Every structure is written in C-alpha cells, then in structure tokens.
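The following exercises invite the reader to examine selected parts of a model step by step. Each task is followed by a worked solution.

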Amino acid sequence: MDVAQFFREVFVRDFEEGKAYILSQARSIEDPLALARAFKEEASKQLYADPSISLKYSELLIFFGQELQIPLAYGLGLSAKGDALSTLGYHQAALECLERAGQEFLRLGDEYLWARSRMKWLISCASAGQIEKALQEAATVRAVFERRGDRYWMCAVDLNTAIIYKQAGLCQSAIELYDRVLAIYAELVQDGDPNVYRSIAIAENNKASNLSVLGRFSEAYSLLYSARERFLALGNIWPVMITEITLADIDFAQGYYGSALKRFYQLRDLFEQHKLTDARLLAGILLQMALCLVKLGRTQEAYRLATEALEQFEPKEGSWEAGDMLHQYALILVAVGRTKEALNSLQEVVELFHARNLMYFSNIARLQKAELLLELGRWAEAATEARELRQIYQQQTLQQLLLRTEIVLADACISQAERCAADADQRQKLLQEAAELCLHCATRARQHNFQELVYKCRYLQGRLALLRGNEGQAARYFGGAIAQVERILGNLLYDLSPSFLRTTWNMYEDMIVLQLRRGKKEQAFRYLERARSISLRQYLNVAPVTAQQAQGTVWQERGTLFLQKQTELEQWQERYRKCSAQLATNDPLLLALVDREAVKEEMNLCEAKISELFEWLYVQQIEIPDHQDSSLRSTFRNVRTVDIAQLRACLQPDQVVLTYYLCRDDVVIFALTPDTLAVFEVPGAALQVERYLPLLHAHLQPAGWSDPANPPQQGLRGLLRRLHKLLIEPVASCLPPREGLITIVPYGPLHSLPFHALFDGARFLIEDFQISYLPASTLLTRAMQPVAEHKSALNEPLIFGCSGNRELPSARREALEVAELLRGRCYLEQEATGERLRMLASGAPVIHLATHGHSRLDAPNFSAVLLADGLLTAFDAFHLDLHCCELVTLSGCETGLALSGGGDEQLGLGRAFLVAGAASLVMTIWSVEDNSTGLFMHYFYHQILQGESKVQALRTAQCQLLRSSAAYAHPYFWAAFRLVGNPGPLGSAVRTQLEKQESQSV
C-alpha cells in the first residue's frame, strides 16, 4: 500500500469514515508496524499545522492498534493523542493519556519511547501546577537521551524545561537554556533534518517571549522574524500564527496598539483562510483583540469580542486555560464598568493559579487586582498589594511587571498624599516614596520603550510636582507625558485615534489648566488644538490604502484579500441599504410583508460587519514597527503641528476665530485675530451652560408649543440672552466690525448650540455678523484657502429630492426649485438613489440633498440621509469623491449633530463629507420644519447666485427668513442651519459655469 495515498484518504474522511477505511484496508497492509510509525510521524507533523487534525490521527492510530492488536501502535496512538491534547490545552486529559502511553512502552521494554512520551507530559504536568515534579521528571528523561547520545531529544527536553522555567517566573534561566539549545541545534541543522529546523524556530520564538518579559524587545523582534521565516519555509501555518501572536503581544506591551490590532486582524484572517479548527487559538486571538480595543477606549466592541471568545472555547473549570481566559475577561469587565464582578473574578484567578503553584500567573492577576483597587479609589489596599509584588518582581527582574507595580504604588502614594494635608509628616513620606518610584520607573520604562508606562509615569511626576508647588516642573512632566501619548497616536489611524484619546485626554486637560494658571495662553491653545479632531485631520492628510499597497508582506495573497474585503464591505452596505429601505416604506402592501423586528436584527448584524470591515481596510495603513519607530514619530508630527502665526496669517482682516473650551467649571474662550491671540476665562460658566442647554433644546421642540402658529419666544430668548452673556459678551472687545466674520470652534456640548442665534436683548448674533463653524482651529488653514481652480471640466450641480414616501412633501418642491436656480441635474423620489449619487458625485461643484436625516449618536458612522434605495450613511459618504465639490447642503433633520469623541472629535455625517473632499457643508443641528426649509433654501441659493460668499448667503437667508413673518422669527425655523468649512464664495470656474448655464436656459 502507498503510505502517502493512505494518509490522503484518511485526511479527507471524518473520524467514523476513517475507521471504516482502515478496516477496509487492513488485509492489504504488509508492514503494520511501519505504518503505525508513519501514522505517529504524520500526527506529529500535524501537531504543528493543526492540533485538531493531529488529535483525529491519534484516535485513528489508537483504533488501528486495537483492531489489529498491535500494542506498539496502540501506545504510539496514546502518545500522539496526549501530545495533541496538551497542545490544545487539555492538560489533565493529556496527563492521563500520556501516563497510559508510558506504561505501554515500559511494558514493551522500550525506555526510549517512554522518554519521548514524557515530552508533552512535562508541559501538562507543570500547567497542572506540579512544577517541581515536572522539573524532576525532566532530569530523568534527559538522562535517558544522554545515555543514548541523542542530542536532538536532549535539546527537546531542555526546550520544555525552559517553558516550565517561564511558568515559574524564571525568565533569565529560561533564556540561558534556550541559548544552550540553539548552540547545539546550529551543529545538528547541518544534517538537513526539518525537525531540527522546526525546533530552532520554536526555540527562537520561546526565547523571544522571555526576552520581551525582561523588556529586551529589539532582540525579541529579531528572533521572532527569524522564527516566522523558518515556519513559513516549512509550510506550518499554526506555529506561524503563534509567532505572530508573540509579535502582537510585544507591540501591545510597547504601546503600539494599532500595530497589535492589525496583527490580530491578520491572524483572524489566516485562521479563516486555512480553515483551522483550534477553538482555543481563535479564542485567544479574539481576547487579545478585545484587550487592544480596551486600551483604545472601544469598550463595548471589546466586550462583544470577549463574549464571542468565550463562546468559541469554554475551558475546563479550574484549568490553567480557565484561569488565563478568566483574568483577561476580568480586564474587559473593568472597562465596561462591571468592577465588582471583575474584582471577584481576579481574586478567583489568584486563588486558582496559587493552588496550582503557578505563581508567575497568580502574581499577574494580583497586579491587575491592585490596578483595579487603585481605579476604585481603594489606595491603601492597592499600595499594600503593590509593595508585596514589587519585592517579588525585583528578585525575578521581570521589568515590565515591576514597572507596572511601581506605577500602581506611586499613584496610590500620590492619591493618598493629596487627601492627607493635615498630617504633614505622612504626606511628605508618601510624596518622597512616590518621587523615588517615579524616577526609577521613568528611567527603566524609557530604556525598554514601554510607551504606556512612560506617559503614565511622566503624568504622575507632573501631579507630584504640582503637589510640591513647582508648576514649571509640572509643565515639563505633563509635556513629556503628552509627547509619549502622541508617539502612540503615531501608530494609530482614523477612529482609533479619538478612541485612544478618550482614555488619555485628561493629560491635555491638566496641561491646559496649568498653562492658563501660569499665564501661558499660547501654550494652552496649542495643547487644546494639537490633538483635537485628530481623526479628521488624519483622514484629510493620508491617502487611503490601495490593494496594490497592501501587497508585499509576508502574508500571502494580501492584495487579493484586500480586494475581497472591499467587495465584502460593499455587499454588506448594500444589504444594509435594502433593510433600511424596507423599514422606510409606508406602502400598505409592502408593510404587510415586512417583519420589522427581523429587519432590525438584520440591520444590527450589518452594522457590526460594516464597522469591522471598514476598520480592517484602514488598519492596513498602520505601520508595524520593526526595531526603530522614528518614522511613526514623524508621521504624527505633521498632523499635530499648531502654528499660531500661520493660523493668524490666513484670517481675513475682519475675521475673528472664537475657540471655546469647557475647563472643569469654567469656560475658556481663545480669540484669534489677524494680530493677536487673546484668552478670556469665565468662572463658573461651564456649569451654567450645561444647565441651560437642555432647556434651550426643549424650547426648540414644537411638540411643547401650545400654539404652533404663534410659537412662544420669551423663554427661549431669555435663555439665548443668558448664553450670549456667558459666551459672547466676555470677548466683545475682540469681535470684528459689524458684518465681519466670526468663525466658531465649539467644544463638547457647545457643538449643538446655535451661536448665531445668541441674543443680546435686541438682536440675534447673525443679524450683526457672518457666522461659520469649524470642528478644530487647526483646520483654518484648509478652510480659508482660496478655492483651487479645477483642472478638469465640471459637471452640473447635483440635486436630489426624496420625500420619504411623501412624508416630506416639500422636499420634492425644494429640490425642483434649487435645481431650477442652479440649472443642475435633479433626481426625484425613486431616481434619487445612493447608487446614482456615488456615480455622479465626482465633478459636481454643488450637491444638494433634500430628504430625511437620521442622527445616530449611539453609532455616529451610521448617521445618514434617506435616499430611495435606503440610507446613505457616514460610512458611505467616506467613499464619495467630492474633491471638486465646493458646497454640500444636507437639507434634512439633524444632519449636523455629532458625537464628541476623544480629542473632541466630531463623529458623524459632517465629518464623512469633509473627509470625502467637500470644501463646505450646510447642515442642521435639530429637526427642521418642511415648508420653512424650502423657503430658506430659496433665499440661500439666490444669494449664492448673486456672487455672495457662502457664509454671507447663509446669513442673509437666515435674516430674511426670521424677518419674513412673526412665526418664522422663532429660531426653530431658521437657526438650525450652520455652515462648516470654507466660508468664501464659489470658485470662479463654478460661478462661470452657473452663469453660462443660466444664459443658455434664457
């Protein structure tokens, strides 16, 4: 019988069919012992490709030995099964199986096979908590191979012994053992044995893992890349993935969260592409992805992934794997606010590992418990735990864990010192201990490039300096912390950046407060703006990755996979649009056929997949660090630069930029003019603003009006007057001449405030000034640039009118009127589709969408406008080509509302259209009335055609509407509209085209 053919036949069959095939071939097997050994060899090979397949082969080998009554085959099958179970993490079952195999070999008088069966037994024994027993057995097994002069298997014992050393926390001893093994392998590899080549790769991977624990990352990276190349050459994808997991862990340890996330995405892709079945491996990847997302502030997504991981693999209760997964899951619970449950879980993990004598893992869980106690404000308990752990980690020289412990202890000391002002001696003692800890930690963390620990330590040193009254030193330390945060931002892109800033923005806030206190107004402004709206600026500054750029990595068919993901994203987006169209219909015949709950469930699934795929495509642009990271620093430096002189130089003579900041209880207003930067602080104003805003929005809801034909204004004007006093009157000396331009840069909840409707007791602000808006002051240079002349011919303006099954009857009329004014292409109702918009948007100088708007503050990238074929979301808008478009008007409800993310990033529909290339946006910040909107748009475009700037046209339209009738004087009807972006007139090429079209029509 041909052995290769035999295994091919077995491989394609399931277990029962495999048994039947073996029985059918039993009589034709000439040398059963040779086939049994080949069977065992094949199972061993599969152990490094897919342990689940190895387990299947081992079970078939056991069956083969039993049915043909061949004890050696039976023993080899038991040995192979134990190896597979150990690799899959079922250590107790592995021990039982390997004990039976060893007894079978000893009964046969084969000490050599007994010794070989102990290899995975050593790992499972240690994982079961019997480390001393495992080390004693390792010495016995090694002696067997030494007597036979078998250096390969002597090294194999040493490899497993080194793994046990790490479990005991003896990483340096493990490294020394790996060095000895690699020196021997260097001699053995000359024989060309692929097993030696594979063993070298395993040793390199494992040594690298130990080096990373000691903070020796450069050496670890080199070894891991070498190991990965060896595994790839052998065609073993499973160990390639293990190596890549180690690389991702090192990226994570250094604070390269974007790189780590990218690697985990690639790992999941490989798992799916190669149809692997190792549930534990997949669960581990998902949990590590979840921990990355926790660091990036994406807690709900992290929780969803962690839950999926536990569904994929449910370890045996009380096992090492159960403890490992439980302690990672506890970190997710902390992130989602389930702290009491997390604390109980961590204590359970501590006890589980302690009972198994796995002190390295038990102490990690104790450290995480101390970090949680610190977060809960239980500083004394956290300090006690940290002091004990510090002594342990100092003895073991485990740098990262030691430094994390010192951070906890220093933070606990500072927090206690801040609250024990009455006891001066105790306070001084705590501050001195914290200072010594921070000094040691800062030096070591920087030396080993633990980026997260560096910024945390610098931040603690800043707090410490403030407690000691040294503001200058505090500013230097806060600056160092922020610089380190921005190095991490250099490894993040797009929505990962504001997510991460949500967890670190407090450092910027403390720095801004400190600089204001020191009278350093320009420094305060720079720190406010340097990371603000970072995601939007990254989108605007970095071109999207292409499939061609995605090629050239070690991952085979990466470019093909990129195209597959793009196609998959488009398919999910199409499914989403169809679902949204079904929900939007009011056709009685169709309504009877629609299961609304099922459609909503389908839309939730679509949203999850679209979000994941969109992020996957953009994560491909993240640079994965090798040994140096200078390129990452320079990437972010270009984005964060805040040149105040450059910002002032781009302002018009009669323009002022008012940048707002809510500084704890106060409002801070930075007034930027062509000549200077002034700062105004309004004590207690933030509290008042936050109290007035909900009341203001309540007054803007027609449902609360007793007489809609005569809307009440007194209460509303009173609120607008109070807000004017808080937000405008303090900067009265910096306001431009009447009819000058004020550019508003709001902050936090102020993004939903219509500044142009603020009331001085006699006039609204818009009646005296032109008002435009920007999400960040640093976008001034882009917004104030003259419109570039278009190199290619422009198309006509593009106007869509979709009444949403006639729920907005004026939308159709509005679109027709705008199209007539602009002489543009007009698409109504069923012709107003997202597909048509995607096809025709490129080259359109003006785009007007009159339709329903849907704001989604729970999922801002799914904020949308309704078109005939479903919702056009922010995700869809990102991919429009609007680089020739000078004005997009989103004439629907709440199209300008956004969620404020980290760094005050405005997440929503407006950001997506700016990213797509639109120079200016007209959007709404509440639900608008149908008829008044049509009239407003008539006024607005009429002024545009008269050559007015966009901001002046908007001002004139708002003033005309508020003066057109007593009812429309209410801000509800005219103040929802705001202009974001370039405030100037349409470019000359567009104006010429519009004039030409108008003359042709005449």
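Contact here means that heavy atoms lie within 4.5 Å. The model is predicted.

**Exercise 1.** Describe the surroundings of Asn-861.

*Solution.* Step 1: locate the residue. Asn-861 belongs to the loop that joins strand 9 (853-854) to strand 10 (864-867). Step 2: judge its exposure. The relative accessible area of Asn-861 is 10%, and buried means under 20%, so Asn-861 is buried. Step 3: list its partners. Apart from neighbours within four places in sequence, Asn-861 is in contact with Asp-495, Thr-873, Ala-874, Phe-875, Phe-878 and Arg-911. Step 4: look for a polar contact. The side chains of Asn-861 and Arg-911 make one, at 3.4 Å.

**Exercise 2.** Is helix 12 largely enclosed or largely open? Examine its span and its ends as well.

*Solution.* Step 1: consider the span. Helix 12 (residues 194-213) has 20 residues and extends 29 Å from first to last C-alpha, close to the expected 28 Å. Step 2: consider burial. Of the 20 residues of helix 12, 17 are buried, so the helix is largely enclosed by the rest of the structure. Step 3: inspect the ends. At the start of helix 12, a side-chain oxygen of Asp-193 comes within 2.9 Å of the backbone nitrogen of Asn-195. Just after the helix, Gly-215 has a positive phi of about 85°.

**Exercise 3.** Determine which residues His-440 is in contact with, leaving aside neighbours within four places in sequence.

*Solution.* Step 1: His-440 is part of helix 23 (residues 424-448) and is partly exposed, at 29% relative accessible area. Step 2: its contacts are Leu-402, Leu-403 and Glu-406. Step 3: His-440 and Leu-403 are 37 residues apart in sequence, with their C-alpha atoms 8.6 Å apart.

Methods
Residues numbered from 1 in each chain as written. Predicted model: local features only at pLDDT ≥ 70, side-chain atom pairs only at ≥ 80, totals over all residues. Heavy atoms only, no water. Helix = DSSP H or I, 4+ residues; strand = E, 2+ residues; numbered from the N terminus. Buried < 20%, exposed > 50% of the residue type's maximum accessible area, 1.4 Å probe, protein only. Polar contact = N/O pair within 3.5 Å; in protein donor to acceptor, adjacent residues only side chain to side chain. Expected span 1.5 Å × (residues − 1).
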